[in-house]
There are 4 protein chains.
Amino acid sequence: MLEHDAIVRVRYAETDRMGVAYHSNFLIWFEIGRVEMLRSMGVRYREMEDADDCNIVVVEVHCQYKKSAVYDDVLRIRTRMTEVRKRTVRFAYQVLRDPSGELLATGETAHVVCGRDGRPKSLPEKYRALFAAAEPAGQPDQGSTSPR
Amino acid sequence: MLEHDAIVRVRYAETDRMGVAYHSNFLIWFEIGRVEMLRSMGVRYREMEDADDCNIVVVEVHCQYKKSAVYDDVLRIRTRMTEVRKRTVRFAYQVLRDPSGELLATGETAHVVCGRDGRPKSLPEKYRALFAAAEPAGQPDQGSTSPR
Amino acid sequence: MLEHDAIVRVRYAETDRMGVAYHSNFLIWFEIGRVEMLRSMGVRYREMEDADDCNIVVVEVHCQYKKSAVYDDVLRIRTRMTEVRKRTVRFAYQVLRDPSGELLATGETAHVVCGRDGRPKSLPEKYRALFAAAEPAGQPDQGSTSPR
Amino acid sequence: MLEHDAIVRVRYAETDRMGVAYHSNFLIWFEIGRVEMLRSMGVRYREMEDADDCNIVVVEVHCQYKKSAVYDDVLRIRTRMTEVRKRTVRFAYQVLRDPSGELLATGETAHVVCGRDGRPKSLPEKYRALFAAAEPAGQPDQGSTSPR
């Protein structure tokens, strides 16, 4: 199972008056985790959108905050692809503080593959094969025979 | 049970290259929903933080996206307080497009009451009494006898 | 000369660890000032982009910060259109704290009218006539005979 | 004269419906340019704020946009400290697209050194000496005898 670590540093603009990173920024960091994981697999998400008309649209987000991130902290966004199906993809995340490794947050996102027109479509085969290798079971969704 | 509607308009800065509001903005709108609901109850959240050292810290967020919000849309953030306990509060949200009433997203947030020092503390009695009236059952948490 | 006031309230997400509104947010508020000024003139900027292929692209921004805006402050974004030419428009702004009227910031923006393709184009006549009435001198740009 | 290059990649959240990076993000990238320049000089800005009670508050921003930055572009934020005085500092910036080197924007910021209480104060001597070496003329401000 592929797991990928992306590094971000907390920006001043991301802090709030409590002195910590505002909670919605974790969703932006999750996105960076996804995109950098894809890049590590040889997929540039911009090309997926522009050349293949494939948008990995967020349909659900869940985030649990354990500890605060503060300004200038170096964060490790640990990303896993937890499910790949014909038209949907799921990711799970851990946000860790570097270098201590403290766990700051965990999260999951669910996505539907859509065209530029906003309509769901099947993930092109070249991506399904590639993503399947990153999934926990290493098996792509088989359509109607899928257990879920 | 108190339900409160706050209105926001989608800003240009909140849109993304897909032409829709970027998904993390819904968390910011949820916050506006909470704060305006409190204001409607006579509580200015800034004063809660500054005068009473009460921060309603987000510890969990869940959001399900149904339809896209687009630039300049008028959104109705419908907020309910779903649970009030000694040290925790929960809210639920619906984001509706005005004037059609289409449901764009639903969400929930869980919060812990913390002091400026980041340590959990009990919600001051004046707020508990007030918030309890907004809860579904209209009953404040009873501490150890709470069913949950 | 038309002057328009738009009202925004400082969001929690807009504050930073210094306890004040992060400075880049003023540019977002300037945009709200412009768009609401246009709306008061009967122009919905979204329609300008979508129906008339007219993007009022920012090419220059200047902002001077006098006093801090803090969380939950009500701000008055006072906007004037200071120049309208064939392909360019300029705006000036004041950000005032309500209800005291304290001046928090002043700013200016310069814009070029562009199509969806990113290429400069002339502002359609219907907008030029309308915008000219909002300009200080009340006179639209005359092309090559313009004094500037 | 010290010049420092920091690298950022355009995030999805930073794009807008025109398909380009929203203009206010350049101010956030300028801040990254400043902070990484300081880090390259051995100064961690977080420590300046926390340990030395020195906030480099933005009092003026100017930005000229030449070309658009698009999603996933790698940007080079080229930063120079253009003036160091007792209580004020100025920076200049160029934003270049990598690897082509196209100039996307130029900017300047002016800052006043303030304590946590928001009141102007003198830059501690250790920073003045260090910053002076980064200034064009390599000479720190001499107070009233300064030519500017």
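## A tour of the β2 strands

Start by selecting residues 55-65 in chains A and B of this predicted model: strand β2(A) and strand β2(B) pair in the antiparallel sense, with 5 bridges between them. To find one of the places where the strands meet, pick C63(A) and look across to β2(B), where V61(B) stands opposite.

Now stay with β2(A) and bring up strand β5 of chain A, residues 103-114. These two strands run antiparallel and are joined by 10 bridges. A good spot to zoom in on is Y65(A), which has A105(A) of β5(A) opposite. While you have the side chains switched on, keep a general point in mind: in a regular strand they alternate between the two faces of the sheet.

Next, hide chains A and B and select residues 55-65 of chain C together with β2(D). Here β2(C) and β2(D) run antiparallel, joined by 5 bridges. Click on C63(C), and you will find V61(D) as the bridge partner in β2(D).

Finally, widen the selection to the whole contact between these two chains. How many residues of chain D are in contact with chain C? There are 16, and they meet 16 residues of chain C. On the chain D side, α1 (25-40) and β2 (55-65) each supply at least two of the touching residues. The biggest giver is β2(D), with 9 residues. Try colouring this side of chain D by residue class: 8 residues are nonpolar, 7 are polar and 1 is charged.

Notes. Residues are numbered from 1 along each chain as its sequence is written. Chains are lettered from A and ligands numbered from 1 in the order in which they are written. This is a predicted model: local features need pLDDT of at least 70, side-chain atom pairs count only at pLDDT 80 or more; totals for chains, interfaces and linings use all residues. Two residues are in contact if their C-beta atoms, placed from the backbone, lie within 7 Å. Helices (H or I, at least four residues) and strands (E, at least two) are DSSP runs, numbered from the N terminus. Ala, Val, Leu, Ile, Met, Phe, Trp, Tyr, Cys and Pro count as nonpolar, Asp, Glu, Lys and Arg as charged, and the others, Gly among them, as polar. Two strands pair if DSSP finds at least two bridges between them.
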